Amino acid sequence: MPTIPWMPGAAADEATADSGQAVVMASKLQVSSLLHVPRFFLLSLVVWKQVRSAPGVIGASLRAEPLKKTFWTLSAWSDQEALDTFSRSDPHKGIVGRLRKVMARSVFVFYPADRTSLPAGWDDAVKRLSDKEAGR
């Protein structure tokens, strides 16, 4: 399945006007069985709709490898508070709670990025996630 390319979010215009720092969040999410992939994928689209209009989101991208039971997210936020507010808001919060029992593994990384360097790159995000999984 192709990657959903970087899409500007609610704070994209603000980000291009500001040369400060953004918070980038990348995740690698693996479900425990191929049986859970369709449900995970459908619910991830609900969250995708939410994230695109969330206050403070500069942009986001998704990647799915359904046959590997793996889903990836990459997003940039105006600040940690905006990211935290989103993660505690429904439907994201409720969906995470419902899917927790079908997850095999989840890895998250958070790192600063100059707003002028956005969109965040998948190669860098995947390397950071791999390093964290390997304990580096």
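A residue here is called buried under 20% relative accessible area, exposed over 50%, and partly exposed in between. Lys 69 has a relative accessible area of 27%, so it goes down as partly exposed. That vocabulary comes back several times below. Keep in mind that this is a predicted model. In outline, the protein has 5 helices and 5 strands, and its 136 residues give a radius of gyration of 14 Å, in agreement with the value near 14 Å for a compact globule.

**Overall build**

- Reading from the N terminus, the elements come in the order β-α-β-α-β-β-α-α-β-α.
- The C-alpha trace spans about 45 × 35 × 25 Å along the principal axes of the protein.
- Of the 136 residues, 42% are buried.
- If you take the contacts with a separation of 6 or more, 80% of them are between residues 24 or more positions apart.

**Surface and charge**

- About 7,600 Å² of the protein is exposed, and carbon and sulfur atoms supply 58% of that area.
- There are 18 positive and 13 negative charges, and the mean positions of the two sets sit 12 Å apart.
- The structure has 6 salt bridges.

**Salt bridges in and around helix α5**

- Helix α5 covers residues 122-133 and holds both Asp 124 and Arg 128, which are 4 residues apart, or about one turn of the helix.
- Those two side chains pair up in a salt bridge, with their closest N and O atoms 3.1 Å apart.
- Asp 124 has 35% relative accessibility, so it counts as partly exposed; Arg 128 has 34%, so it is partly exposed too.
- Lys 127 and Asp 131 also both lie in helix α5, again 4 residues apart and about one turn of the helix.
- Lys 127 and Asp 131 form a salt bridge as well, and here the closest N and O atoms are 2.9 Å apart.
- Asp 131 has another partner in Arg 136, with closest N and O atoms 3.3 Å apart in that salt bridge.
- Arg 136 has a relative accessible area of 69%, which means it is exposed.
- Elsewhere on the salt-bridge list, a network links Lys 28, Arg 105 and Glu 133.

**A buried loop residue: Ser 78**

- Look for Ser 78 in the loop between β4 (70-77) and α3 (80-87).
- Its relative accessibility is 13%, so Ser 78 counts as buried.
- Leaving aside residues up to four places away in sequence, Ser 78 touches Glu 14, Gln 21, Ala 22, Gly 56, Ile 58 and Arg 115.

**Backbone details to look at**

- Asp 90 and Pro 91 are joined by a cis peptide bond, with omega about 15°.
- Pro 91 belongs to the loop between α3 and α4 (92-99).
- Another cis peptide bond runs from Leu 118 to Pro 119, where omega is near 15°.
- Pro 119 sits in the loop between β5 (103-114) and α5.
- Lys 69, the partly exposed residue from the start, has a phi near 60°, a positive value in a residue other than glycine.
- You'll find Lys 69 in the loop between β3 (57-65) and β4.

Conventions:
Residues are numbered from 1 along each chain as its sequence is written. This is a predicted model: local features need pLDDT of at least 70, side-chain atom pairs count only at pLDDT 80 or more; totals for chains, interfaces and linings use all residues. Side-chain values use heavy atoms; hydrogens and water are left out. Helices (H or I, at least four residues) and strands (E, at least two) are DSSP runs, numbered from the N terminus. The radius of gyration is taken over C-alpha atoms; the globule rule is 2.2 Å times the number of residues to the power 0.38. Buried means under 20% relative accessible area, exposed over 50%, partly exposed in between (1.4 Å probe, protein chains only). Contact means heavy atoms within 4.5 Å. Accessible areas come from the Shrake-Rupley method with a 1.4 Å probe; for residues, only the protein chains shown count as cover. Lys and Arg count as positive and Asp and Glu as negative; His and the chain ends are not counted. The place of a charge is taken as NZ of Lys, CZ of Arg, CG of Asp or CD of Glu. A salt bridge is a side-chain nitrogen of Lys or Arg within 4 Å of a carboxyl oxygen of Asp or Glu.
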